[in-house]
Structures are given as structure tokens and as C-alpha cells.
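Thanks for coming, everyone. Let me put today's structure on the screen, and then I'll walk you through it.

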Amino acid sequence: MKDVFRKLVLVVGAVAAFAFLPARAEAQSPYSPMFWSFEGGVGMAIPMGDIANSAESGPSFSGAASYFLRPRLALRAEGALDMLATKGAIDPNFEILHVTGGIEYHLTDPMGSATVAVDFGLGVSTLNSDAFLLRNNPSPGRHTVGLVNGSYFSGNAGIKAGLNFAQHAETGVPMVTLFAQADLRYVMTDASETAVYGELNGQPGFDSIMEFPLSVGLRVNFP
């Protein structure tokens, strides 16, 4: 799974290099590209890969800030909180906090009535769970208190589509965007540190976490 993370790093680098290449269409843009965007979203995070054997889907909340350097290119900082549930009889809260930084590239003109954009980011994800008991562990008649926490390197890739409303009178920059977004999140964990959570369902620990969050949200631009 670490190969997936390496490939994600290469993809981020390739997209960044492509995005900074001169583009004639952007040079003819009728507005200044320097503006801020803030967005918030809510949805559902779907676990994938090894963790899917132990965890179930749960609510996801996200927020991001983007600063446009060019008409289609922006620097992006994002935070997200995914709240998963276990498939076992015991149901501790299992939260994953993601903090990433990267780039956002618009496949369509941000000035138009519709938005289609992709984003890529790298950062840190922090795992945190409630304490729970594993009965008859490590031997019959004994109980182990389990807790999953720790911070790990992570990556994120997303695509969004939205509708733009209420353009700014002076610049023509859309002020409000309603959007739907799909993401893929990958976290490099440690199997020994997550083994206690896997044991709730008779599963081994997992050395990576993959999630597929689906969300809807609101974005506001400030020229």
C-alpha cells in the first residue's frame, strides 16, 4: 500500500508542474485571479481496504481555504473529520482528523456558471478512539483496555462539481458555489498500533487506511 502513497506524491508533483505551465486562455482572463475561497461540506465517509473489515461508514465533516494564484490554480489547505463505527458488538467512537495542504486546479473556467475542479494534498491524519474492553484478552478471564490513537502521514485527492451563483459586480467572480465532492484519502498507519481495534472483529491490525468520502457543501469566494 505504500506504493499507492508514492504514486500519489508523484501525481501531486506532476499536476503542480502542469498547472504552472503558461496557458494562453488563462492569460486572456478578464479578471484578477488573486482571491480567496472558503468552503464547508458534510457527508459520509466509506472505509475501504483492510480497515473495511473492522469499520463501518460514518459521518464526515470538512472545511477548506483556497488562494488563487492564477485563474485556474489555487493553493489549498483542508481539514476533515471522519467518524467511523466498528462492525463489532462494541461500538467505540473512532475518529480520524485529516489536515492537508496542496493544490486545487479548475478544469473549467471558475468565472462560468458551473465548476469542475480537482485537488491534491499531503499532510497528517490523527486517529483517536474511545477506550474499550477486550474481554478474555490476552488470556481467558483477563481484560485489556483498548485505545487507538496516533498521527500518520496521509494524502488526499478529490474532485468536485458545482453551480455558481451571485457574481461579484466589479470582478465577475462568483460569490457562492453549491457543490458535490468525492475524495480518496489514504493514511499510512502501523499494524501493531491498530491491532487492538481489529481484534474487536477478530481481524488483524491494518497498516493503512483508505476512505472514500462523499459530501455536499457551500463555497464562498472573496475577490
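**A walk through the chain**

Let's begin with contacts. Take the contacts between residues at least 6 apart in sequence: 67% of them join residues at least 24 apart. Keep in mind that this is a predicted model.

Now the inventory. The chain has three helices and eleven strands. What order do they come in along the sequence? The pattern reads α-α-β-β-β-β-β-β-β-β-β-β-α-β. So much for the list of parts.

Next, burial and surface. The chain has 223 residues, and 44% of them are buried. Its accessible surface comes to about 10,800 Å². Carbon and sulfur atoms account for 64% of that surface.

On to strand pairing. Which strand does β1 meet through 13 bridges? The partner is β11. Strand β1 covers residues 36-48, strand β11 covers residues 208-222, and the two run antiparallel. One position to find on screen is Gly-43, which stands opposite Ser-215 in β11.

Strand β11 also pairs with β10, residues 174-188. That pairing is antiparallel too, with eleven bridges. Look for Met-188: it stands opposite Ser-208 in β11.

While we are on strands, one general point. In a regular strand, side chains alternate between the two faces of the sheet.

Now the charged side chains. How many salt bridges are there? The count comes to eight. I'll go through three of them.

Start with Glu-104 and Arg-76. Their side chains meet in a salt bridge, at 2.9 Å from N to O. Glu-104 lies in strand β5, residues 94-106, and Arg-76 lies in strand β4, residues 73-86, so this pair ties together parts that are 28 residues apart in sequence. Is Glu-104 buried or exposed? Its relative accessible area is 0%, so Glu-104 is buried. Arg-76 has 6% relative accessibility, so Arg-76 counts as buried as well.

Glu-104 has another partner. It forms a salt bridge with Arg-219, and the closest N and O atoms are 2.7 Å apart. This pair links distant parts of the chain: Glu-104 in strand β5 and Arg-219 in strand β11, 115 residues apart. Both Glu-104 and Arg-219 are buried.

Step back for a moment. Glu-104, Arg-76 and Arg-219 belong to a network of salt bridges. Other members of the network are Glu-39, Glu-78, Asp-119 and Lys-160.

The third bridge is between Asp-82 and Arg-185, at 2.7 Å from N to O. Asp-82 is in strand β4 and Arg-185 is in strand β10, so the pair ties together parts that are 103 residues apart in sequence. Asp-82 has 0% relative accessibility, so it counts as buried. Arg-185 is buried too, with a relative accessible area of 4%.

Last stop: the outside. Met-44, Ile-46, Met-48, Leu-184, Phe-212 and Leu-214 form a nonpolar patch on the surface. Together they have about 450 Å² of accessible area. Which elements give two or more residues to the patch? Those are β1 and β11. The largest share, three residues, comes from β1.

Leu-184 sits in strand β10. Its relative accessible area is 37%, and buried means under 20% while exposed means over 50%, so Leu-184 is partly exposed.

To recap: β11 pairs with β1 and with β10. Glu-104 bridges to Arg-76 and to Arg-219. And the nonpolar patch draws its largest share from β1.

Key
Residues numbered from 1 in each chain as written. Predicted model: local features only at pLDDT ≥ 70, side-chain atom pairs only at ≥ 80, totals over all residues. Heavy atoms only, no water. Helix = DSSP H or I, 4+ residues; strand = E, 2+ residues; numbered from the N terminus. Buried < 20%, exposed > 50% of the residue type's maximum accessible area, 1.4 Å probe, protein only. Contact = heavy atoms within 4.5 Å. Areas by Shrake-Rupley, 256 points an atom, 1.4 Å probe, with all protein chains shown as cover. Pairing = 2+ DSSP bridges. Salt bridge = Lys/Arg side-chain N within 4 Å of Asp/Glu carboxyl O. Patch = residues over 30% accessible without salt bridge, like charges linked within 9 Å, V, L, I, M, F, W, Y side chains within 5 Å.
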